[in-house]
Amino acid sequence: EHTIYLKDYAPTPYRIVTVELDFKILEEKTRVRAQLTIEPRPETEPGTPLVLDGDGLTLDSIAIDGLPLVLSAYLADENGLTLVEPPHRRFVLETEVFLDPAANKKLMGLYRSGGTWCTQCEPEGFRRITYYLDRPDILAPFKVRITAPLAVAPVLLSNGNLIDKGDAGDGLHFALWEDPFPKPSYLFALVAGNLGSITDSFTTMSGRKVDLAIYCTHGKESECLYAMDSLKRSMAWDERRFGREYDLDVFNIVAVSDFNFGAMENKGLNIFNDKLVFASPETASDANYGNIERVIAHEYFHNWTGDRITCRDWFQLCLKEGLTVYRDQEFSSDERSRPVQRIHDVQNLRTLQFPEDGGPLAHPPRPDRYREINNFYTTTVYEKGSEIVRMLSTLLGEAGFRKGMDLYFERHDGDATTIEAFIKVFEDANGVDLAQFAQWYLQAGTPEVTVSDEYDSATQTYRLNLSQKTKPTPNQPDKPPFVIPVRFGLVGPNGSPMGWSGVSGGTVQEDVIVLDEESVTLTFTGVANKPVPSLFRGFSAPVRVVSNMDLETLLFLARHDSDPFNRWDALQTAATRLLSEGAQGRAWTGDAVDALRDALVETVQDPSLDDAFKAQAISLPGEGVIARQIGENVDPDAVARARRQMIRELVAPVGAALERRYEELTISDPYSPDAAQAGRRSLRNGLLSLLVAGTETGGQLAARQYETASNMTDRYAAMAISAHNWTGEAPALLGDFRTRFAGDPLVFDKWLTASAQAPDDGVVERIRATLAAPDFPRTNPNRLRSLLASFVMSNPVQFARADGAGYAMVTEAVAEIDKVNPQVASRILTGFRTLPSLESARQAAGRSALEALRAQHKLSRNSSDIIDRILGN
Ligand code: HT7
Ligand code: ZN
């Protein structure tokens with residue numbers, strides 16, 4: 001299969017100067033007429049062919065400067081349109097194609113979701129709409145005319161500002177949109193439909209009024225209010241924090257039900273998966289509210305980091321995605337609690353990105369090759385990309401980082417640029433050399449940092465050794481050292497911070513050690529007592545730390561560290577260590593469990609900590625995190641057993657006290673999604689989770705909460721916890737939930753997820769039956785992901801069953817899904833990336849399921865790329 005390499009990047013011989021598109025949308029078909037003003041670049045030789053991308057288009061007419069082309073002048077096939085010898089001057093190419101959006105189930109290009117016509121063009125969907133140079137370094141201003149039947153599509157939207165609208169005769173009407181900002185084709189968008197809306201406005205820092213609107217299915221308007229509030233807060237935050245102002249007269253958001261991803265940052269017309277817009281207390285959980293706020297912000301922030309400054313090619317995806325994730329994480333931290341947000345983001349990184357980086361799908365944040373670009377919208381590009389930007393900020397300090405960002409906006413506004421250019425602005429703004437730091441973008445793999453230390457009381461000297469090593473990843477056998485910022489402090493015997501009089505042997509910038517060699521030994525002098533090192537405060541680098549710190553010292557840090565992230569992390573490290581040893585047959589001691597319990601109870605009782613933090617502290621590491629600590633030859637049954645057993649032992653002597661605390665945390669005020677109430681609910685539900693897993697009566701407690709819940713957060717938590725522990729009550733709760741919310745597709749997704757994550761032996765057949773039901777919406781990505789991605793990612797016991805039944809069910813389903821929507825199919829397949837870490841029988845069963853899938857079906861490039869990489873070829 002064809003591989004595309006970064007080293008082969010070259011600009012196109014022609015550029016597109018302006019774009020005029022004319023859509024005539026009718027129920028049966030859509031006609032697209034494109035007028036592209038094109039010119040050769042100065043260096044282009046006369047007679048150089050012009051190759052335009054096209055995907056599945058059929059050309060209906062073609063003309064240059066108004067004159068139809070003779071057959072020998074062009075070649076049109078499945079993959080595009082070639083003009084054999086275009087004029088060696090500026091010319092207008094006019095093409096006409098007909099599309100069938102209703103038949104487009106890949107959901108790339110122009111398609112129908114419900115009754116609405118909508119588009120998704122990133123990364124290569126525009127070529128399914130018209131012939132074009134469909135790559136991000138071709139920027140042009142767009143004018144778009146949309147004509148459609150007034151009765152079915154009273155709302156007609158595209159990018160930019162509305163400049164005309166009116167009657168078009170025969171029951172049709174039209175709208176004319178103009179986007180003055182040159183943009184790549186992937187940011188094009190069009191929506192036509194019968195939609196409701198809510199409107200609002202925002203006055204920018206320079207006093208311009210921007211009209212805001214969110215469009216949705218009629219009847220859902222009130223569920224868009226939280227999204228609108230999030231949008232206005234995002235606009236204000238980007239002005240405050242980065243000095244970035246919005247630039248058009250309107251900003252529109254449209255919610256659609258069929259969408260391959262979370263949302264899309266099309267210029268001035270963001271299109272959203274409706275699950276990231278709609279929220280009501282009865283149907284959305286606190287987590288849903290948090291995600292809506294985050295993704296609304298993320299897409300809005302792309303207006304500067306993505307739209308005004310875009311990527312030169314898709315290898316640079318991390319330039320816009322890593323940076324924009326960093327910006328949305330910072331927004332959430334400023335809007336909510338910073339430590340709680342940080343813990344949340346790190347948990348996510350460890351649960352999803354670390355396994356990717358340590359397995360067969362590992363790739364650098366800026367890859368140098370791909371077979372299918374859609375397979376590179378990964379947690380490495382997004383979340384590790386954000387960690388790299390965060391490390392830049394740690395190394396340069398807040399002011400130095402802001403200077404670099406200011407220069408980035410000033411120097412590159414209007415550009416399609418690269419990671420190298422991004423790094424250069426920070427070098428130039430701060431007078432530093434970041435060549436070695438840039439390795440973070442180029443090398444895959446999670447570095448392991450090993451820590452050892454010694455204290456000499458006679459000389460009051462403390463030595464700290466840090467060494468780094470990164471395992472080989474596909475195509476990258478050897479790794480030169482990374483620049484690793486280690487934010488740190490020394491903690492004294494009484495738990496308070498300790499100072500030192502001098503430090504030598506390495507680079508220390510205030511409270512950050514810069515580990516930029518394989519090994520560094522720092523010598524601190526004037527250290528009055530043996531300190532405990534608190535390292536990687538705030539998770540200052542995306543690494544795994546290997547240290548022989550004993551349980552007692554870890555729990556000391558959990559109690560005393562001034563850095564809240566490290567307090568949480570010390571508890572997690574302690575628990576992960578015990579659990580991974582337990583899962584490998586090395587039983588923990590009663591003393592160890594007593595010590596862990598004491599630390600957990602103390603944390604829950606600490607009046608200085610907020611509820612959301614406490615909830616994170618009492619949540620034991622998930623099965624995936626424990627499995628990764630074990631590393632190889634993992635038996636998921638043993639991991640789940642150890643986790644259950646640990647919870648029982650932790651809870652046994654304190655069950656009654658925990659239950660009292662659970663009752664005290666009941667909220668009588670009306671529901672609000674704010675951080676304080678959500679934090680209280682998450683602590684209460686965290687306690688419920690311990691009580692269900694750890695006591696005989698927990699199942700009934702959950703059932704009572706389910707029945708009496710007045711909001712979705714509590715009802716869903718009660719059902720999901722019951723399902724996850726497969727309590728006696730679980731089947732009845734699942735049954736009730738399904739009928740209680742029948743008719744609400746987004747709540748049905750919650751049922752699908754909880755049901756697929758239950759570890760009972762019946763789950764595989766239950767999923768099969770759900771999929772086979774005649775009314776199951778088998779082309780909707782949200783439904784498919786809720787059922788199957790939840791299963792492969794979060795049900796290791798049943799997915800990796802030794803008898804292979806979990807794998808077989810998934811590969812059978814994927815074979816069918818792949819024919820309809822390859823993007824959804826390949827994403828489900830990434831769940832197989834953990835195979836190499838499993839014990840041999842499960843590994844062999846998984847490999848043969850993938851081999852059979854590959855041999856028996858003609859798979860899409862998306863799916864075969866994932867399978868080939870997982871199987872190592
Ligand atoms: N930039 C957007 C990516 C996206 C996407 C990618 C592949 C297929 C469908 C897609 N929809 C949106 C989303 C974002 O990062 O903001
Ligand atoms: Zn993004």
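Biologist: How do the residues of the shell around ligand 1 divide into nonpolar, polar and charged?

Modeller: Five are nonpolar, six polar and four charged. The bins are fixed: Ala, Val, Leu, Ile, Met, Phe, Trp, Tyr, Cys and Pro are nonpolar, Asp, Glu, Lys and Arg are charged, and the others, Gly among them, are polar. Mind you, this is a predicted model, where local features need pLDDT of at least 70 and side-chain atom pairs count only at pLDDT 80 or more, while totals for chains, interfaces and linings use all residues. Residues are numbered from 1 along each chain as its sequence is written, and chains are lettered from A and ligands numbered from 1 in the order in which they are written.

Biologist: Which of the residues around ligand 1 come nearest?

Modeller: E122, N260, F261, M264 and Y377, out of 15. To count as near, a residue needs its C-beta atom, placed from the backbone, within 6 Å of the ligand. Strand 20 (263–264) and helix 2 (286–301) each give the shell at least two residues.

Biologist: What makes a stretch a helix or a strand, and how many are in the protein?

Modeller: They're DSSP runs, numbered from the N terminus: H or I over at least four residues for a helix, E over at least two for a strand. The protein has 26 helices and 35 strands.

Biologist: How do you know that strand 12 and strand 15 pair?

Modeller: Pairing takes at least two DSSP bridges; strand 12 and strand 15 (residues 172–183) have nine and run antiparallel, so they qualify. A140 has K183 as its bridge partner there. Strand 2 (residues 14–25) also pairs with strand 12 (residues 140–149), in the parallel sense over six bridges, with F23 opposite I146.

Biologist: Why does the radius of gyration of the protein agree with a compact globule?

Modeller: Because 873 residues should give a value near 29 Å, and the protein has 28 Å. The radius is taken over C-alpha atoms, and the rule is 2.2 Å times the number of residues to the power 0.38. The C-alpha trace spans about 90 × 65 × 60 Å along its principal axes.

Biologist: What makes a residue buried, and what share of the protein is that?

Modeller: Having 20 or more other C-beta atoms within 10 Å of its own (12 or fewer is exposed, in between partly exposed; C-beta atoms are placed from the backbone). By that rule, 51% of the 873 residues are buried.
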